[in-house]
Each structure stands twice: as structure tokens, then as C-alpha cells.
Amino acid sequence: MKEQLLQEIRHAVQELFSAQVTEKDIILQPTNKEYTGDTTLVTFSLTKLSKKKPEETGTLIGEYLKKNSKLVSSFEVVKGFLNLTITDSYWKNFIIETLPKENFGFTPPTEKSPQVMVEYSSPNTNKPLHLGHIRNNLLGYSVAEILKATGNRVVKVNMVNDRGIHICKSMLAWAKWGNGETPQSSGIKGDHLIGKYYVLFDKKLKEEINPVPSTEENTEEAEKNSALMKEVQQMLRNWEAGDKETIALWKMMNSWAYEGFDVTYKNLGIDFDKIYYESETYLLGKKIVEEGLSKKIFYKKEDGSVWVNLTDVGLDEKVLLRSDGTSIYITQDLGTAQLRFDDYRELEQLIYVVGNEQDYHFKVLKEIFKKLERPWAYGLFHLSYGMVDLPSGKMKSREGTVVDADDLIHEMNETAKTTTEQLGKVEGLSKEEAEKLYHTLAMGALKYFILKVDPKKRMLFNPADSIDFNGNTGPFIQYTHARIYSVLEKGKKILSENKTGLEIPELNAEEKEIIKIIHRFPETLQEAGREFSPAAIANYVYELAKAFNHFYHLHTIADAENIPLSFFRLKLSGLTAQIIRQSMAVLGIEVPVRM
RNA sequence: GGUCCCGUAGCUCAACGGAUAGAGCAUCAGAUUUCUAAUCUGAGGGCUGCAGGUUCGAUUCCUGCCGGGAUCACCA
């Protein structure tokens, strides 16, 4: 519709004012609710071409369109706004065409679709996941689903940080003071058990250097010189040398972490196509360093360290390799980026879902590959999201203010349970069905709460608000879906016995509003894909649910004045439920048929 | 200090450079003999941090300031 209208407006401008206008200079937007009309042309920008006042320009174009366009039935000019009303027949046709479509608005990927990789989650194996990881996981999963739905071949990858000094800390603490404790013997979830020893290490370290020096600098120095730190560093060297005992311990403890992560991932409903492990990639990147050196893009300092100078693009000089020749974080990232484009030859984009504290790092990474003339450097994209704050302030692991992911999920489930029971909605459900429902609602609340916020913005996580089930929340939208299913159930006879086919009546304002919102679904999805923004979908589906509830209250659906009207409204309700389901699906949220 | 991000109703968030800046929560007032009230309707609540600039038009773009955050490691 939009395309056709744009063309017609272009013709109108040409005929009326003998002027050329490109389609991107034509501003069309949905008409504000307080005015009559469906779509609005902003005529201010056309006055230069028309050489007339905005009102006059609007009137002329309006008259032209009313006469020549099959889409426009009437118009109204308010200042520089030409409000166009689209013919009912357009909306009716739209519904007739859309009803049979299984996944309206989705573009299924084909073999020729662009290939895109989304890296997200990226946990450390020394502690369990927390609230910050949850935002990351939900964003990554949703963005991947949105990209799939907009015609991309998506590869979801997880980059597990499974090695390094921090991993050795929990290993050493366990070896020294663990007495052979395992997840089985203790009943503690694997990742939490490891976290326990990571914390214990820190505690023992503090004890050793007691009294703790007053300044941060001195503390760091004291820790560095402690016997415990020396022991950990030795352990890391042993690990790098492939010492059998160390490797065995490492493997055992990492497997505990993975068992734990798997449970959390399953509860969150997220998954991956491929998992990369740092232990397998941390040595990569040295080849890239050599390449950069030979191309004179990098340079070596006297001590042997390798650097790149990025001051020409507004960044600093950056170390890429230590003076002892060992690699650092960015060395590895250089290597893995190359590895991925080697693994997936058709890869066009690599999206890193990583917090905004690493903005600088990813700028550097991209600039380096631009200098190395990798054509895919421009496809590197850092999906940078803001930190999650608590009402009490920042989350700090040292101060124990971190919200644990498993605890949070558990609490959400409990709240969903008590709320549902209080409302008496569990009648007739088996225990399993009820449990599943609680989880669906709990995750709906949590995921929607987090995803409705623009990713790049810092967000406040207030547990009390997040488990709210009223208003602009996941459960509100889930409820609308369930409510529609209840109506469909009531009208199933009409739906199955329909003989006359679909007759669309004169549309009332509420029906038309729903249809208009559904009409916007494909472009909203495209926008969400373009902007990597699940929030765009979240806000959209809320609007749709709200419009439906409004309609529901004013009009009878399954028992309307006549059967054809009921049939039409049932169909429209069913389509609404479908769009809600599709929207929620790309957010990673399930919708129940009753609640 | 340099660089980057963010400042919108009491609170949490919306608003491709467009109309009188919108929702939810909270507050107050209403709606259920009728398909799910986890719903719906209404009211109050704003110098969009401040000051300039560009524009027919700025919450949006530019400059400066104020406030919050991140980053500037041979850490990851």
C-alpha cells in the first residue's frame, strides 16, 4: 500500500506542480488518533516544489488522489498535514489475503539469504549466570530470531570463556579446601558449586594479605605477591603446558559448569548452533599479528611487544601481543573473527552481543580489520547494550549485590504460581500443565520486562515491577492471547459450520484499528531487524493487545448480531492471536491458550 | 583529563526531524445478570537537564555547559 501511495503522490506532484520528487522525500506516517484518516502526508517539505502554502498543497494533492487513486476514499487537510482515508475495500482485501497466511510478515530464509552470525551469552566457567547475562541472552536470542524472520540465515554462537587465571582460582580453591565435594555429593548445582570456590579463593587471599592495605594500588600489589597468587599462576602455567592432573581437574570442573549452564539456558529457552571454547581459540590471532607486521600496519617495540596505531581514526595505540610473545584478549578476538569467516565462507555479518563497557574494544577490532583490508570488516557489528542496575544501585559481585539468574527464575516462577492460584485459574489443569503455565508466565514477565527497553539504554531492574502482571507486561499480552482462544472455543461451531464463506461487513472503528495495526506488522519486523531492536516488537505487540482488548469490551464476537458477523470477528480475533504469537515468538516468549 | 553512551510525568519506559510529547505503574473516580475483570473507561500529573544554533517545524540534528555511567591495562 505504502509503495503504491508513494508512487501516486510522486505522480501527483509531477502533474500538479511539474516537479520531481523522490520517494524518500515523501513523508508518510500513520495518522494521529485525534484526526480522521489512516495515513498522513506531511506537505511542508513539498511547498518548495509546489510554491504554494502547505494547506493549498495538501488540498491539491488530496483532490488529485481522491480522483486518481483507488486507495484513497477521502481526505482532510490540517495545516501542513494531508490526512488520507484509505478505502474500506483495501482493508477488506488485506484481511482476505492475510487470513490464510501462516506466518504473515515473516520472510523465511532461503539458501541465497544472507548469512549472519550472532554471538551472545559468552559466560565464564568460574561462576553462575547473573542478571547481566540474562539481558545478554535474551537480547541475543531475540535478535537472532528477528533476523531469521526477516530472511537471514542465522548462526547462533556462544563463546565460552573456559580458561585463564580466573578459572584456575576456583580450581585451586577446590583442590586445596574442597575435600572432594561434587555437585552430586553436595546437591549444589554445578556452576554454583564452582562459584562457591571462586568466592572462597578470594576470601583466602584476603586472609593471607591481612591486614588489607588501605589503597587499591597497594592491595593489588599485595595480592600479586601473595603465595596463593603465585600458586594460581603456576597452575595456569601447568595448564598451558598440558599437565595431566591440571587438565583433568579443569575438565571435571568445567563439566560441572556446563551442566549448570544447560539448566539455566533451558529455563530461559535459549539455544546455540555452535559453541566456541576459548581454550581452543586463545592461541589464534598470532598469524594475523604477523600479517599486520609484514604489511607494516602493526609495529614492534624494542621490548618485543606488538602495537597498532589507530590515532588516525581517533583511537589510541593498542597492544596486540605481549613482549613475551603471548597473546591477550584482543589477539584472540582477531583470531576468532578470522576463524568464523573461514568457517562460514558466506558470512556477511558478525554481531557481537556484548555490554557497552567493551565499546572501545570492538571499535579497535573493527578498525584493525579495516586496515587489514578484510572486506567483511564492515560486517562486524557490536550490539552494545547498557548495564542492568538495581534499585540499590550497581550490581557488584564483591558486595554480594548480584542477582543470580537461577534465583531470579525461581522467584518469578513462585510469583506466577501464587498469582495464578489466587486468581483461581488452575482448575482443570494437571500438575504438569500448571507448572508449565507458571513457567511460561514467569518467563513472559521477565523477558518482556527486559526486552521492551531499548537495548543500548541502561536499564533499572526493579524485581517488584518485573513480576507485575498488569499493564505493559508480558502476561498482559499472554492473557490477551489466552482470552482470544477462549472466544475461539466459544465460537468453534460457527467457525466449523460456516457455509457462506467470509463476508466482511462495514468495519467499525475498533475492527479497523486492529486491522491497521496488523497491517503494520511486516514493516515493524523489518525495522526491528534493521535496528537490532526487540524493543520495537515488544512495543508493537503491546499496542496490538491493547487494541484488541478495547475491541473486546465494546463488541460481542462469538455471539454477534448475525452469524456472518461473528464469523468475521472470530477470524479477525484468530489473526490477532496469530500476530501476537509470532511477535512473542521472536522475543522468545511463549503464549498460553489459557491462563 | 581525552573519547563514547545516557538525561522525557512521582517511578519505569515510548515517540523514521512533524500535529496539543504518548503508555504502564502509582493516585483518584467509574464499569462485570452478556465471549476470561491478569480486563476496560475516565481524571489529575511535563519549560523533554540548562543555554544557544540550524530548520517552515527540534525530545530527535549541531555547539557549549550541568548531572549520571562506561572506557582510556603487556586484565578479560
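About 30 Å³ of space lies in the largest cavity of this structure, which is a predicted model. One cavity of 30 Å³ or more is held by the structure. Its lining is made up of Ala445, Tyr448, Phe449, Lys452, Asp465, Ser466, Asp468, Asn472, Thr473 and Gly474. Two helices, α17 (431-451) and α18 (463-466), each supply at least two residues of this lining, and the largest share, three residues, comes from α17. When the lining residues of the largest cavity are divided by class, three are nonpolar, four are polar and three are charged.

Among the residues that line this cavity is Ser466, which is placed in helix α18. Ser466 counts as buried because its relative accessibility is 1%, where the limit for a buried residue is under 20%. The side chain of Ser466 reaches the backbone oxygen of Pro463 at a distance of 2.9 Å. When residues up to four places away in sequence are not counted, Ser466 touches Met412, Ala445, Leu446, Phe449 and Phe461. Of these contacts, Ala445 and Phe449 also appear in the lining of the largest cavity.

Helix α17 also contains Lys447. Although lysine is counted among the charged residues, Lys447 has a relative accessibility of 5% and therefore counts as buried. A polar atom of the Lys447 side chain lies 2.6 Å from the backbone oxygen of Gly588. With neighbours within four places in sequence left aside, the residues in contact with Lys447 are Leu138, Leu268, Gly269, Leu587, Gly588 and Ile589. For Lys447 and Pro100, the separation is 347 residues in sequence and 30 Å in space, taken from C-alpha to C-alpha.

Gly588, the partner of Lys447 in the 2.6 Å approach described above, follows helix α24 and has a positive phi, near 80°. Helix α24 covers residues 563-586, and its 24 residues should span 34 Å at 1.5 Å a residue; the C-alpha atoms at its ends are 35 Å apart, so the span found in the model agrees with the expected one. At the start of α24, a side-chain oxygen of Asn562 comes to within 2.8 Å of the backbone nitrogen of Leu565. The helix is mostly covered, with 18 of its 24 residues buried.

A further site considered here is Thr31, which lies in the loop between β1 (28-30) and β2 (39-42). Thr31 has a relative accessible area of 12% and is therefore buried. Its side chain is joined to that of Thr40 by a polar contact of 2.7 Å. Apart from neighbours within four places in sequence, Thr31 is in contact with Thr36, Gly37, Asp38, Thr39, Thr40 and Asn83.

Asp38, one of the residues in contact with Thr31, is also one of the residues that lie nearest the centre of the second largest pocket, together with Pro30, Lys516, Ile517 and Arg520. About 980 Å³ of space lies in this pocket, and 37 residues line it. At least two residues of the lining are supplied by each of α1 (2-17), β1, α4 (88-98), α21 (509-519), α22 (521-531) and α23 (534-554), and α21 gives the most, with seven residues. By class, the lining of the second largest pocket comprises 13 nonpolar, nine polar and 15 charged residues.

These local features belong to chain A, whose secondary structure comes to 24 helices and 14 strands. Of the 595 residues of chain A, 52% count as buried. Taken along the principal axes, the C-alpha atoms of the chain fill a box of roughly 85 × 65 × 50 Å. Among contacts between residues at least 6 apart in sequence, 73% join residues at least 24 apart.

Conventions:
Residues are numbered from 1 along each chain as its sequence is written. Chains are lettered from A and ligands numbered from 1 in the order in which they are written. This is a predicted model: local features need pLDDT of at least 70, side-chain atom pairs count only at pLDDT 80 or more; totals for chains, interfaces and linings use all residues. Side-chain values use heavy atoms; hydrogens and water are left out. On a 1 Å grid over the protein atoms alone, a cavity is a set of points where a 1.4 Å probe fits but cannot get out, and a pocket is an open set with protein on both sides within 12 Å along at least five of seven lines; lining residues have an atom within 4 Å of a point. Grid points are joined across faces, edges and corners, and a volume is the space filled by probe spheres set on the points. Helices (H or I, at least four residues) and strands (E, at least two) are DSSP runs, numbered from the N terminus. Buried means under 20% relative accessible area, exposed over 50%, partly exposed in between (1.4 Å probe, protein chains only). A polar contact is a pair of N or O atoms within 3.5 Å; within protein, one must be able to donate a hydrogen and the other to accept it, and residues adjacent in sequence count only if both atoms are side-chain atoms. Contact means heavy atoms within 4.5 Å. The expected span of a helix is 1.5 Å times one less than its number of residues.
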